[in-house]
Amino acid sequence: MSITKEEVVKIAKLSRLELKEDEVEFFASQMKNILELVNKLNEVSESLLEEEYTSSTPLREDEPEPSLDVEKVLLNAPSKRLNMFEVPKIVDAN
Amino acid sequence: MEFEAVIGLEVHVHMDTKTKMFCSCKIEYDAPPNTNVCPVCMALPGSLPVINKRAVEYGIRTSLALNCNINLTSIMARKHYFYPDLPKGYQISQYEKPLAEHGFVLLENKKVRIRRLHLEEDAGKNNHYENSSLVDLNRAGTPLMEIVTEPDINSSEEAKEFLEKLRAIVRYAGVSKADMEKGQLRCDVNVSLRPKGSKELGTRVEVKNVNSFKFVQKAIEYEIERQKAILLEGKSVEQETRGFDPQSGKTFVMRTKEEAEDYRYFKDPDLLPLILSEELLKNIKDNMPELPDERIERFMRDYGLSRYEASVLTNFKELGDFFQEATEYTKEYKALSNWLLNDVLGFMNENQIEEIPITPEHLAKLVELIKKDVISTKIAKEVIKDMLISKKDPDIIIEEKGLKQISNEDEIKAVVISVLEKFPQERERLKNGEEKLIGFLVGEVMKLTKGKANPKLVNKLIRECL
């Protein structure tokens with residue numbers, strides 16, 4: 001069980017994390033250890049791993065309840081405009 | 001070389017619930033920004049999703065209407081990606097075990113298989129502003145169904161036919177208004193080409209978020225031509241995600257293969273599996289609304305309509321509902337359907353009106369008035385024009401304008417005699433067997449009575465008075 005530097009870089013990119021060169025190596029070895037630990041589960045018989053669900057997730061009735069005031073919604077926003085969250089301009093690759 | 005297009009669709013349908021998928025915020029399409037937002041919509045720490053029961057029921061209803069197998073246990077999963085309109089950093093969706101699988105939709109000449117139907121939530125909305133983007137979370141969490149077909153579609157026309165049928169089905173099932181303009185039905189299109197007769201699938205290109213039936217057709221047609229040109233040059237098609245620009249009618253690259261997402265799906269630990277009881281399923285099955293194909297058959301069987309008439313009255317649901325209600329006031333079904341499809345629908349198309357301007361009861365009354373010889377068909381044409389504009393009761397229009405048919409023999413006889421006196425030559429010729437002159441003489445009587453004389457009586461009286 002090993003994990004390549006390329007895989008670490010890819011996972012970091014998907015998580016929008018910027019890693020320095022030495023960090024890539026550091027996390028590669030950490031992730032290797034984690035995967036090895038999780039791999040131990042393979043030693044357990046599969047029948048023991050089969051999930052058995054007894055109860056469903058609860059459902060709620062389709063009845064509206066009050067939402068938050070827009071001031072509260074935007075309370076934590078670092079930047080806001082026209083009662084909306086302001087973020088750096090989203091540019092699609094076209 | 002001849003190519004064959006292989007097309008699959010992924011359709012997202014907003015469900016017509018009062019509240020969101022995982023919280024009790026209202027669904028409103030024109031609410032001011034961020035007024036239907038709560039801690040769940042914003043993914044604040046400690047907030048937990050709770051599934052909307054009606055959304056589950058609507059999903060089941062749709063699955064049944066699409067002839068799917070329902071999974072009694074299905075799993076909610078997290079689909080991760082980063083975008084400003086997705087505060088959680090993941091969308092709650094279904095992956096390995098969707099709500100339903102293996103269904104089909106019957107088109108005129110083919111069967112399009114449904115691979116799966118799953119439940120999920122919509123994201124918020126980004127508004128692009130001068131140098132920034134503004135995020136409105138009102139739409140975040142709107143209940144969605146994603147319906148995925150097998151690649152059974154082979155042309156843009158078939159894609160359109162499928163979408164129209166699907167839209168009719170969800171409307172009849174009462175689960176969505178499926179208004180494309182409001183984004184309640186959105187479509188991703190997968191297109192690939194292969195040499196005609198080949199069984200292998202070519203490289204597939206996904207065109208994202210095409211938002212009208214016309215654009216779906218255009219995007220497919222454009223992709224077929226684009227891919228054909230590449231293949232004929234001996235090159236190969238890139239697997240990529242493209243967008244569609246309605247202005248130019250072209251598709252363009254959105255994401256390249258190198259950036260293809262890894263969504264890192266896993267079961268949402270906030271939600272236990274969705275386990276449905278047989279009882280709930282049975283209850284929904286027993287209370288299924290009438291579906292489009294069923295209505296067509298019933299209208300043909302019960303009201304003697306042609307398949308064409310029944311289809312029009314089914315495709316335009318409101319028109320069919322109108323017809324249905326009107327049948328409670330008259331048994332002249334065929335006439336009713338004629339007036340509705342020719343005069344009423346014609347008027348609506350001409351004036352680009354969406355809503356039927358008259359009531360079913362009034363139209364039925366008009367049909368009855370003709371049947372009872374109170375007015376002639378010709379006068380009725382005049383009355384309906386008035387009705388469509390003034391929305392008045394036909395009885396009132398006839399009364400006000402004095403259009404009631406004259407069926408009083410003496411009254412008509414007087415006019416007939418005066419006409420025969422005015423045209424002695426024509427009278428003679430008719431007497432001598434020149435049958436076409438009856439039409440002329442009837443016409444003259446009608447002129448004098450402003451079209452109100454009962455034509456059958458006029459005919460009879462002219463012959464009697466010759």
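## Chains A and B: interface, sheet and selected residues

The side chains of A:Glu63 and B:Lys18 meet in a salt bridge, with 3.5 Å from N to O. A salt bridge here is a side-chain nitrogen of Lys or Arg within 4 Å of a carboxyl oxygen of Asp or Glu. Across the interface of chain B and chain A, the rule finds three salt bridges.

This is a predicted model, in which local features need pLDDT of at least 70, side-chain atom pairs count only at pLDDT 80 or more, and totals for chains, interfaces and linings use all residues. Residues are numbered from 1 along each chain as its sequence is written, chains are lettered from A in the order in which they are written, and side-chain values use heavy atoms, with hydrogens and water left out.

### The interface

On the chain B side, 52 residues are in contact with 36 residues of chain A. Contact means heavy atoms within 4.5 Å. The two chains bury about 3900 Å² between them. Of that area, 59% is on carbon and sulfur atoms. Buried area is the accessible area (1.4 Å probe) that two parts lose on being put together, summed over both.

Between chain B and chain A, 24 residue pairs are in polar contact, both residues being at pLDDT 80 or more. A polar contact is a pair of N or O atoms within 3.5 Å; within protein, one must be able to donate a hydrogen and the other to accept it, and residues adjacent in sequence count only if both atoms are side-chain atoms.

Several elements of chain B each supply at least two residues of the side that touches chain A, among them helix H1 (39-42), helix H2 (53-65) and strand S15 (250-255). Helices (H or I, at least four residues) and strands (E, at least two) are DSSP runs, numbered from the N terminus. The largest share of this side, five residues, comes from S10(B). By class, the side of chain B that touches chain A has 28 nonpolar, 14 polar and ten charged residues. Ala, Val, Leu, Ile, Met, Phe, Trp, Tyr, Cys and Pro count as nonpolar, Asp, Glu, Lys and Arg as charged, and the others, Gly among them, as polar.

Strands also pair across the two chains. Strand S1 (residues 59-60) of chain A runs parallel to S2(B), joined by two bridges. Two strands pair if DSSP finds at least two bridges between them. A:Arg60 stands opposite B:Asn52 in S2(B).

### Chain A

Chain A has four helices and three strands. Its elements run α-α-α-β-α-β-β from the N terminus on. Buried residues make up 19% of its 94 residues. Buried means under 20% relative accessible area, exposed over 50%, partly exposed in between (1.4 Å probe, protein chains only). Among contacts in chain A between residues at least 6 apart in sequence, 28% join residues at least 24 apart.

### A three-stranded sheet in chain B

An open sheet of three strands has the order S6-S5-S16 in chain B, with antiparallel pairing. S6 and S16 stand at the edges, each with a single partner strand, so one side of each is left without a neighbour in the sheet. Four bridges join S5(B) to S6(B) (residues 90-93). Two bridges join S5(B) to S16(B) (residues 266-267).

B:Ala77 has a bridge partner in each edge strand: B:Ser93 in S6(B) and B:Lys267 in S16(B). B:Arg78 stands opposite B:Phe266 in S16(B). Both faces of S5(B) (residues 77-80) are covered. B:Ala77 and B:Lys79 on one side, and B:Arg78 and B:His80 on the other, are all buried.

### Three residues of chain B

| Residue | Element | Relative accessibility |
|---|---|---|
| B:His118 | strand S8 (residues 111-121) | 5%, buried |
| B:Arg113 | strand S8 | 42%, partly exposed |
| B:Glu368 | helix H10 (residues 360-371) | 18%, buried |

The side chain of B:His118 makes a polar contact of 3.4 Å with the side chain of B:Ser93. Not counting residues up to four places away in sequence, B:His118 touches residues including B:Pro98, B:Leu144 and B:Met145.

The side chains of B:Arg113 and B:Asp152 are joined by a polar contact of 2.8 Å. With residues up to four places away in sequence left out, B:Arg113 also touches B:Gly103, B:Phe104, B:Thr149 and B:Glu150. B:Arg113 and B:Ile384 are 271 residues apart in sequence and 45 Å apart in space, C-alpha to C-alpha.

B:Glu368 is in contact with B:Tyr329, B:Thr330, B:Lys331 and B:Glu332, leaving aside its neighbours within four places in sequence.
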